[in-house]
Amino acid sequence: MKLASLALALGLASPAFAATPLSVDFEKTWSYGEEVADTYAIDGVSFTNVLGLSNDADFTYFGNAPSPLGVAFVQLDGVFNTAAYMNVSGGVTGGLSFFYSTPSDAPVAIKAYSGLNGTGTLLGTLDLSANSADYTAWNQAVLSFSGTALSFDLTGMANVVALDNISAVPEPSSIALMLGGAALLLARRRRPD
């Protein structure tokens with residue numbers, strides 16, 4: 001009983017268990033030009049100048065996406081819409097994982113910031129390289145950083161990158177706590193009463 005109580009206490013002390021995990025898959029049928037905006041607000045995630053995209057009867061925009069129903073892309077006009085962000089109200093600590101597809105050979109980057117809408121301290125930058133001429137090849141990427149990011153600047157991806165399956169990368173300390181708790185629970189189950 002003491003081991004089970006200890007495992008429960010370790011699990012409750014871990015930030016990974018305290019917050020809802022970040023997971024955005026864009027799996028819905030998006031009308032062309034439909035903003036993602038607050039679609040994931042229940043998970044504490046909002047987007048600025050990011051559109052959802054689904055294939056339709058008239059045109060195939062992408063193929064082989066990790067979540068096949070929908071993806072997202074940044075659309076900026078350079079006049080009224082000049083920046084794009086993903087804000088996470090609960091923050092993301094340590095890293096962000098996502099899949100992307102882009103034909104662009106030009107520098108394309110995603111940046112993590114400590115404040116909302118790309119404000120505060122720049123915590124990390126990840127440059128993406130071209131991987132698909134027709135948005136049918138997808139690479140998984142991880143933006144690692146120190147600290148807690150409340151926003152991700154997607155402006156550099158404008159009009160050339162499709163995104164799918166965005167998630168937080170668990171911190172090594174959270175993984176260690178989860179493994180330790182699981183080991184204690186297994187030890188408790190194997191021990192005769």
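The paragraphs below go through the nonpolar cores, the enclosed cavity, one of the pockets and a buried serine. The model is a predicted one, and every value given here is computed from it.

A good place to start is the largest nonpolar core, which has 35 residues. Those with the most contacts inside this core are Phe47, Met86, Phe98, Phe152, Leu154 and Met157. The elements that give two or more residues to the core are strands E2 (45-48), E4 (71-74), E5 (85-101), E6 (108-113), E7 (122-128), E8 (139-153) and E9 (162-168), and of these E5 gives the most, with 6 residues.

Phenylalanine 152 offers a closer view of the packing. Leaving aside neighbours within four places in sequence, Phe152 is in contact with Ala84, Tyr85, Met86, Val88, Val92, Leu96, Ile110, Lys111, Ala112, Leu143 and Phe145. Apart from the largest core lies another one, of 8 residues, and among them are Leu51, Ala65, Phe73 and Trp138.

The model also has enclosed space, and here the count comes to 1 cavity of 30 Å³ or more. The largest cavity has a volume of about 40 Å³, and the residues that line it are Met86, Leu96, Phe98, Ile110, Leu154, Leu163 and Ile166. By class this lining has 7 nonpolar residues, with no polar and no charged ones. Strands E5 and E9 each supply at least two residues of the cavity lining, and E5 gives the most to it, with 3 residues.

Turning to open space, the second largest pocket holds about 200 Å³. Its lining is made up of Tyr32, Leu53, Tyr61, Phe62, Phe73, Val74, Tyr135, Asn159, Val160, Val161 and Ala162, and these residues divide into 10 nonpolar and 1 polar, with no charged residue. Phe73, one of the residues of the 8-residue core, is thus also named in the lining of this pocket.

The last stop is serine 132, whose place is in the loop between E7 and E8. Serine 132 counts as buried because its relative accessibility is 6%, where the cut-off for buried is under 20%. The side chain of serine 132 reaches the backbone nitrogen of threonine 136 at 2.8 Å, and a polar atom of the serine 132 side chain lies 3.3 Å from the backbone nitrogen of alanine 137. Not counting residues up to four places away in sequence, serine 132 touches Ser101, Thr102, Pro103 and Ala137, so that Ala137 appears both among these contacts and as a polar partner through its backbone nitrogen.

Definitions and conventions:
Residues numbered from 1 in each chain as written. Predicted model: local features only at pLDDT ≥ 70, side-chain atom pairs only at ≥ 80, totals over all residues. Heavy atoms only, no water. 1 Å grid on protein atoms, 1.4 Å probe; cavity = no way out; pocket = protein on both sides within 12 Å on 5 of 7 lines; lining within 4 Å. Points joined across faces, edges and corners; volume = space filled by probe spheres on them. Nonpolar A, V, L, I, M, F, W, Y, C, P; charged D, E, K, R; others polar. Core = buried A, V, L, I, M, F, W, Y, C linked by side-chain atoms within 4.5 Å. Buried < 20%, exposed > 50% of the residue type's maximum accessible area, 1.4 Å probe, protein only. Helix = DSSP H or I, 4+ residues; strand = E, 2+ residues; numbered from the N terminus. Contact = heavy atoms within 4.5 Å. Polar contact = N/O pair within 3.5 Å; in protein donor to acceptor, adjacent residues only side chain to side chain.
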